[in-house]
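Here is a short report on the structure shown below. Read it with the sequence and the model side by side.

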Amino acid sequence: MEAAGKLTNVQIELLKLFQYNLSEKQLTEIKNMLAKYFAKTATAEMDKLWEENDWNNDVMKVWANEHLRKK
C-alpha cells in the first residue's frame, strides 16, 4: 500500500482521461465498463471462495436465516 497523499496507478490513468472533453454518452460507457469490470472481479472472487470452502445453496440459506443482531 502506498503512503497517504500519493496517487494510485488507477487514479493516474483516470486523470489522463481528463484531458479529453467526453460526451455524456462516452462518460456513461466508461462508467459501465468500470462497473462491469469490478462486478466480474467480485464474482470471480466469490466463485473462488465457494470452491475453496465447499459452499452451496444450503449454506446460503442458513446464512440468510441467521440472526446476528445483538439485543
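Start with charge. Glu 45, Asp 47, Glu 51 and Glu 52 gather on the surface in a patch of negative charge. For charge, Lys and Arg count as positive and Asp and Glu as negative, while His and the chain ends are not counted. A charge is placed at NZ of Lys, CZ of Arg, CG of Asp or CD of Glu. Patches are built from residues with over 30% relative accessible area and no salt bridge; like charges are joined within 9 Å, and nonpolar side chains (Val, Leu, Ile, Met, Phe, Trp, Tyr) within 5 Å. Accessible areas come from the Shrake-Rupley method with a 1.4 Å probe, and for residues only the protein chains shown count as cover.

The model is predicted: local features need pLDDT of at least 70, side-chain atom pairs count only at pLDDT 80 or more, and totals for chains, interfaces and linings use all residues. Residues are numbered from 1 along each chain as its sequence is written, and side-chain values use heavy atoms, with hydrogens and water left out.

Glu 52 sits in helix α2. Helices are DSSP runs (H or I, at least four residues), numbered from the N terminus. With a relative accessible area of 53%, Glu 52 is exposed. The classes are buried (under 20% relative accessible area), exposed (over 50%) and partly exposed (in between), with a 1.4 Å probe and protein chains only.

Asp 47 also serves as a reference point for Lys 70. The two are 23 residues apart along the chain, and their C-alpha atoms are separated by 30 Å. Lys 70 is found in the segment after α3 (57-65).

The table gathers some residues by place and accessibility.

| Residue | Place | Relative accessibility | Class |
|---|---|---|---|
| Leu 34 | helix α2 | 37% | partly exposed |
| Asp 54 | loop between α2 and α3 | 62% | exposed |
| Lys 16 | helix α1 | 45% | partly exposed |
| Lys 70 | segment after α3 | 80% | exposed |

Now the nonpolar side. Which residues make the nonpolar surface patch of about 480 Å²? Val 10, Leu 14, Leu 34, Tyr 37 and Phe 38 do. Both α1 (9-17) and α2 (24-53) supply at least two residues each. α2 gives the most, with three.

Next comes the salt bridge (a side-chain nitrogen of Lys or Arg within 4 Å of a carboxyl oxygen of Asp or Glu). Side chains of opposite charge can pair when their charged atoms come close. A search of the whole structure finds one such bridge. Lys 16 forms a salt bridge with Glu 13, and the closest N and O atoms are 2.9 Å apart. The two residues are three apart in helix α1, so about one helical turn separates them. Glu 13 is partly exposed, at 46% relative accessibility. Lys 16 can also be placed against Met 60: the pair is 44 residues apart along the chain, with C-alpha atoms separated by 42 Å.

Last, the stretch leading into α3. Most residues other than glycine have a negative phi. Asp 54, however, has a positive phi, near 55°. Asn 56 then caps the N-terminal end of α3, with a side-chain oxygen 2.9 Å from the backbone nitrogen of Asp 58. How many of the nine residues of α3 are buried? The count is zero, and the helix is hardly covered.

Conventions. A polar contact is a pair of N or O atoms within 3.5 Å; within protein, one must be able to donate a hydrogen and the other to accept it, and residues adjacent in sequence count only if both atoms are side-chain atoms.
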